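The following note is offered for the colleague who will be working with this model. The points are grouped by topic and may be read alongside the coordinates.

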Amino acid sequence: MLLSNANSTVVVYISSHAGEEFIKIQDTDVISTEDFARAIMEMHIKGRYKRMFIFLETCRAFTFFKNMKAPNVFAVASSDEGEDTKSHAYHSTLGLSINDIFSHHFMDFMNKHCNANSTLADIYYHLRNNVESATVKYMNNLGVDMSKV
């Protein structure tokens with residue numbers, strides 16, 4: 001259970017498989033864009049966050065925010081409609097990739113470039129300028145410019 005309140009900043013990071021307007025969880029469950037948007041709106045109505053930042057690394061990620069109407073949400077998607085994301089860092093012992101290009105560059109920003117003065121714009125532009133395999137996009141329902149947060 002998320003123990004947040006009306007003063008909380010909630011950060012959601014999802015890396016998964018997806019299609020147009022849905023994501024898969026553990027390859028067995030599916031969450032639709034409508035269900036996700038409804039859950040975030042319910043959190044808003046119940047005062048469960050002040051601001052929410054969502055980072056979504058999946059194929060066709062931006063389609064997942066199609067129905068997002070809740071206020072005070074900023075979301076970054078690793079790919080646009082019809083686009084796939086690309087794997088990164090193949091692990092030979094496991095026989096699979098252990099992350100994707102978007103996640104790699106997100107962690108690169110957090111570990112090497114993030115500081116007390118970093119803004120959402122800094123994160124977004126770092127991702128947009130370094131993820132060449134897909135179109136990194138954002139949705140801003142915060143009511144303020146992303147360079148101010």
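**Notes on the predicted model**

1. In this predicted model, β2 and strand β3, the latter formed by residues 22-25, are paired in the antiparallel sense over three bridges. One residue pair can be named here: the bridge partner of Gly19 in β3 is Phe22.

2. The pairing belongs to an open sheet of three strands, ordered β2-β3-β4 and antiparallel in its pairing. The edges are taken by β2 (17-19) and β4 (29-32); each has a single partner strand, so one side of each remains without a neighbour in the sheet. From one strand to the next, the twist averages 25°. As background, strands of a sheet pair through backbone hydrogen bonds, in either a parallel or an antiparallel manner.

3. Turning to the aromatic residues, nine aromatic pairs are counted when ring centres within 6.5 Å are taken as paired. For Tyr124 and Tyr125, the ring centres lie 5.1 Å apart and the planes stand at 65°; since angles over 60 degrees count as edge-to-face, the pair is therefore edge-to-face. A single aromatic cluster is formed by Tyr13, Phe55, Phe102 and Phe106.

4. How do Tyr124 and Tyr125 stand with respect to the surface: buried, partly exposed or exposed? Tyr124 has a relative accessible area of 7% and is buried, because the limit for that class is under 20%. Tyr125, at 35% relative accessibility, counts as partly exposed.

5. A nonpolar patch on the surface is made up of Leu94, Leu96 and Ile98, which together have about 300 Å² of accessible area. Within this patch, Leu94 is located in the loop between β7 (87-91) and β8 (96-100). Its relative accessible area is 54%, so Leu94 is classed as exposed, the threshold being over 50%.

6. Is the loop residue Thr63 buried or exposed? Thr63 is placed in the loop between β5 (51-57) and β6 (73-77), and at 8% relative accessibility Thr63 counts as buried. Thr63 and Thr33 are separated by 30 residues in sequence, while their C-alpha atoms are 7.7 Å apart in space.

7. Two loop residues may finally be set side by side. Leu94, in the loop between β7 and β8, is exposed at 54% relative accessible area, whereas Thr63, in the loop between β5 and β6, is buried at 8%.

Conventions: Residues numbered from 1 in each chain as written. Predicted model: local features only at pLDDT ≥ 70, side-chain atom pairs only at ≥ 80, totals over all residues. Heavy atoms only, no water. Pairing = 2+ DSSP bridges. Helix = DSSP H or I, 4+ residues; strand = E, 2+ residues; numbered from the N terminus. Axes fitted to C-alpha atoms, helices over the stretch in contact; angles between N-to-C directions. Phe/Tyr/Trp six-rings, centres within 6.5 Å; stacked < 30°, edge-to-face > 60°. Buried < 20%, exposed > 50% of the residue type's maximum accessible area, 1.4 Å probe, protein only. Patch = residues over 30% accessible without salt bridge, like charges linked within 9 Å, V, L, I, M, F, W, Y side chains within 5 Å. Areas by Shrake-Rupley, 256 points an atom, 1.4 Å probe, with all protein chains shown as cover. Salt bridge = Lys/Arg side-chain N within 4 Å of Asp/Glu carboxyl O.
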